[in-house]
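Let's walk through a protein structure together, one region at a time. Keep the model open beside you and find each residue as we come to it.

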Amino acid sequence: MSEKDIYRSLCDERPVPLFCQAWWMDAVCGECWDVCLYEEKGRVVAAHPYHYRRRLGKLFIVQPQLTQYNGVWIDYASVKDDYYEKLALEKRACDALAGRILALHPVCFVQSFHKYFTNWLPYYWRGFTQTTRYSYVIDDLSDPESIAAGFQRSKRRWLKKAINKGLYADFDLSGDELFDFHVYALSLQGRKISHSREFFRKVTDAAKARGQGQVLGIREPDGKLVAGIFFVWDGMSGYQLIDAIDRTSELASEASTLAVWECIKFLKGKTAVFDFEGSMDKDIESSFCKYNTRQIQFMTITRYSSPFWEILMRLKNR
């Protein structure tokens, strides 16, 4: 049995985070993903799924689309509830997995690690570098009314206005409708969408089929679509993956706030935390921080085989 097959079974048996799950990797990577496993005493205690591309005979390990973070997963159930033992396991597992990655000889490794991953020292010791990034989370979804009461004043005002103006949630919005709306919303900013309709359909269909994804629209009383959102979740956390807003509408801010509110209410009882899938964009950050959220850190870990590939990839991603 291949490591990939072993990992598929493992994902069904243990609490592997959503973006590290085999089904998610299938949806966003197709066949272009693999996994490195680390075992102790015959038991898999850590895994590193990764998305790869091959160009001109070279291997590139990069972050999948619509996947804020994945990286290494460690099963701490294999050690006692002891800080030193957990730290020791992290160092053993990450050193071994980093070594497995380097043995593949990628010319480029760029991967954002899951928000629960905090110890990147073994990667540093092997020549990787790290960039700290930020997101915002709501820690407890059990009381949506209390969450809304903690919104910053402008968000509370927009939410109240959205309700008073008759904006309403459409939970029957299809993935194709959201895709078209997102293309339109981006065009208003002179931007183009970064993924195809087929890709987005595959992801939304996979998430919905597992009962772990929802497309939601916010409409004006006459039915006009003003905002759309696609979010996913597992037992640990929900994540906002796509949000699109018609900035030409006079009720754009109200619709965007209502979309978040409806998402929070929907996820109550389904998961514990809501993650806004943070952005380093100044304007987006200034909005996320006003939803009664807490700032968290996650890290992007990189390594290039030479300065040439680093310069080339940075120019490509500008």
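Does Arg201 count as buried, partly exposed or exposed? With a relative accessibility of 34%, Arg201 counts as partly exposed. Keep in mind as you look around that this is a predicted model.

Arg201 is a good place to begin with charged pairs. Side chains of opposite charge can pair when their charged atoms come close. Here Arg201 forms a salt bridge with Asp176, and their closest N and O atoms are 2.9 Å apart. Since Arg201 sits in helix H8 and Asp176 in helix H7, the pair ties together parts that lie 25 residues apart in sequence. Asp176 is partly exposed as well, with a relative accessible area of 27%. The story goes on from there: Asp176, Asp180, Arg197 and Arg201 are joined into one network by salt bridges that share partners.

The structure holds 15 salt bridges, so let's visit two others. Asp275 forms one with Lys115, with 3.1 Å between the closest N and O atoms. This pair links distant parts of the chain, 160 residues apart: Asp275 belongs to strand S11 (residues 273–275), while Lys115 is in the loop between strand S5 (108–112) and helix H4 (121–125). Both Asp275 and Lys115 are buried. Next, look for Asp170 and Arg219, which form a salt bridge whose closest N and O atoms are 2.9 Å apart. Because Asp170 lies in strand S7 (residues 168–170) and Arg219 in strand S8 (residues 213–219), this pair ties together parts 49 residues apart in sequence. Asp170 is buried, with a relative accessible area of 15%, and Arg219 counts as buried at 15% relative accessibility.

Now let's turn to the nonpolar residues. In soluble globular proteins, nonpolar side chains tend to be buried together. In this model, the largest nonpolar core has 40 residues, and the members that touch the most others are Tyr7, Phe19, Trp24, Phe230, Val232 and Leu241. Among the elements that give two or more residues to this core are helix H1 (3–13), helix H2 (22–29), strand S1 (33–40) and strand S2 (43–55). Helix H2 gives the most, with seven residues. To see how one core member is surrounded, click on Phe19: leaving out residues up to four places away in sequence, Phe19 touches Trp24, Met25, Leu66, Thr67, Tyr69, Asn70, Val232, Tyr239, Leu241 and Glu277. There is also a second, separate core of 29 residues, which includes Ala148, Val226, Ala227 and Val260.

Some of the elements in the largest core deserve a visit of their own. Start with H1, whose buried residues are Lys4, Tyr7, Leu10 and Cys11. Looking down the axis of H1, you will find these buried residues within an arc of 115°, so they line one face of the helix. On the face turned away from that buried side, H1 carries the exposed residues Asp12 and Glu13. The cover over the buried residues of H1 includes H2, S1, S2 and strand S4 (73–74).

Strands S1 and S2 come next. They pair in the antiparallel sense over eight bridges, and they form a hairpin with two residues between them. In the turn, Lys41 has a positive phi of about 55°. Trp33 has His51 in S2 as its bridge partner. Six of the eight residues of S1 are buried, so this strand is largely enclosed by the rest of the structure.

His51 also leads us to Val62, in strand S3 (residues 58–62). Apart from residues up to four places away in sequence, Val62 touches His51, Arg53, Cys108, Val110 and Met313. At 11% relative accessibility, Val62 counts as buried.

What about the cysteines? A disulfide is a covalent bond between the sulfur atoms of two cysteines. A search of the whole structure finds zero disulfides. For Cys29, the closest cysteine sulfur is in Cys32, 7.7 Å away, which is too far for a bond. Cys29 counts as buried, at 9% relative accessibility. Cys263 is in no disulfide either, and the nearest cysteine sulfur, that of Cys289, is 18 Å away. Cys263 is buried too, with a relative accessible area of 0%.

Conventions:
Residues numbered from 1 in each chain as written. Predicted model: local features only at pLDDT ≥ 70, side-chain atom pairs only at ≥ 80, totals over all residues. Heavy atoms only, no water. Core = buried A, V, L, I, M, F, W, Y, C linked by side-chain atoms within 4.5 Å. Buried < 20%, exposed > 50% of the residue type's maximum accessible area, 1.4 Å probe, protein only. Helix = DSSP H or I, 4+ residues; strand = E, 2+ residues; numbered from the N terminus. Contact = heavy atoms within 4.5 Å. Disulfide = S-S within 2.5 Å. Salt bridge = Lys/Arg side-chain N within 4 Å of Asp/Glu carboxyl O. Pairing = 2+ DSSP bridges. Arc of directions from axis to C-beta.
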